[in-house]
Amino acid sequence: MQTRSVLKSVRTSTLKARLVADQIRGMHVAKAIDLLEHSTKKASKLFLKALLSAIANAENNHDMDIDELSIVRVFVDQGPVMKRMMPRARGRGDRILKPSCHLTVVVGVAGQPISDKQTGD
């Protein structure tokens with residue numbers, strides 16, 4: 001059994017978020033929480049929020065034991081990009097892109113097969 005949590009339209013780039021996602025992929029949830037709490041990256045606080053939500057979903061909705069949970073899948077998808085203009089010299093303008101992303105954390109018991117029906121994908 002697996003459960004997931006999704007944070008949508010998070011204001012950070014996908015490249016920065018994927019650095020943190022690669023660190024916690026496959027970890028036991030207790031170790032991942034410890035790593036995310038002590039990391040200095042902005043994306044680590046966002047992943048911590050998503051991970052705690054996924055753990056709460058597993059405990060309350062599926063009656064799973066927290067001590068046996070590990071991170072099965074973590075991925076970062078690109079979200080909407082805000083486009084802004086910055087005035088420049090001689091009447092020109094530069095485009096400023098402010099990216100966002102969607103963070104997905106799937107937790108489950110280690111060793112069980114992955115099923116798309118259980119995660120809702």
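In what order do the three strands of the open sheet stand, and is their pairing parallel or antiparallel? I will start there, and I should say at once that what we have in front of us is a predicted model. The open sheet has the strand order 1-5-2, and the pairing is antiparallel. Strand 1, residues 2–10, and strand 2 stand at the edges with a single partner strand each, so one side of each of them is left without a neighbour in the sheet. On average, and ignoring direction, neighbouring strands of this sheet are turned by 15° against each other.

Let me stay with one pair in that sheet. Strand 2 and strand 5 run antiparallel and are joined by nine bridges, and if you look for Arg73, you will find that its bridge partner in strand 5 is Val106. Two helices pack on this sheet: helix 1 touches strand 2 and strand 5, with a direction that makes about 165° with that of strand 2, while helix 3 touches strand 1, strand 2 and strand 5, its direction making about 145° with that of strand 1.

Now to the helices themselves, beginning with helix 1. Its buried residues are Thr14, Ala17, Val20, Ala21 and Ile24, and because they cover an arc of only 125° around the axis, they lie on the same side of helix 1. On the other side of this helix, Leu15 and Lys16 are exposed. The cover over the buried residues of helix 1 includes helix 2, helix 3, strand 2 and strand 5. After helix 1 comes Gly26, which has a positive phi, near 85°.

Helix 2, residues 29–38, can be read in a similar way. Here Val29, Ala32, Ile33 and Leu36 are buried, and their arc around the axis is only 100°, which places them on the same side of helix 2. Lys31 and His38, on the other side, are exposed. Among the elements that cover the buried residues of helix 2 are helix 1, helix 3, strand 2 and strand 5.

How do helix 1 and helix 2 meet, and at roughly what angle do their axes cross? The axes come within 10 Å of each other and cross at roughly 145°, and the crossing is right-handed. Val20, Gln23 and Ile24 of helix 1 make the contact with Ala32, Leu35 and Leu36 of helix 2. Of the residues in this contact, five are nonpolar and one is polar, with no charged residue taking part.

I turn next to the other strands. Strand 3, residues 82–87, pairs with strand 4, residues 93–98, in the antiparallel sense over six bridges, and within this pairing Arg84 has Ile96 of strand 4 as its bridge partner. The two strands form a hairpin, with five residues between them.

Finally, there are two residues whose backbone deserves a look. As a general matter, most residues other than glycine have a negative phi. Arg90, in the loop between strand 3 and strand 4, is not a glycine and yet has a positive phi of about 60°. Asp63, in the loop between helix 3 and strand 2, likewise has a positive phi, of about 50°, although it is not a glycine. Are these two residues buried or exposed? With the cut-off for exposed set at over 50% relative accessible area, Asp63 counts as exposed because its relative accessibility is 69%, and Arg90 counts as exposed at 75%.

Definitions and conventions. Residues are numbered from 1 along each chain as its sequence is written. This is a predicted model: local features need pLDDT of at least 70, side-chain atom pairs count only at pLDDT 80 or more; totals for chains, interfaces and linings use all residues. Side-chain values use heavy atoms; hydrogens and water are left out. Buried means under 20% relative accessible area, exposed over 50%, partly exposed in between (1.4 Å probe, protein chains only). Helices (H or I, at least four residues) and strands (E, at least two) are DSSP runs, numbered from the N terminus. The arc is that of the directions from the helix axis to the C-beta atoms. Contact means heavy atoms within 4.5 Å. Two strands pair if DSSP finds at least two bridges between them. Axes are lines fitted to C-alpha atoms, for helices over the stretch in contact, and angles run from 0 to 180 degrees between N-to-C directions. A crossing is left-handed if the near helix is turned anticlockwise from the far one by less than a right angle, and right-handed if clockwise. Ala, Val, Leu, Ile, Met, Phe, Trp, Tyr, Cys and Pro count as nonpolar, Asp, Glu, Lys and Arg as charged, and the others, Gly among them, as polar.
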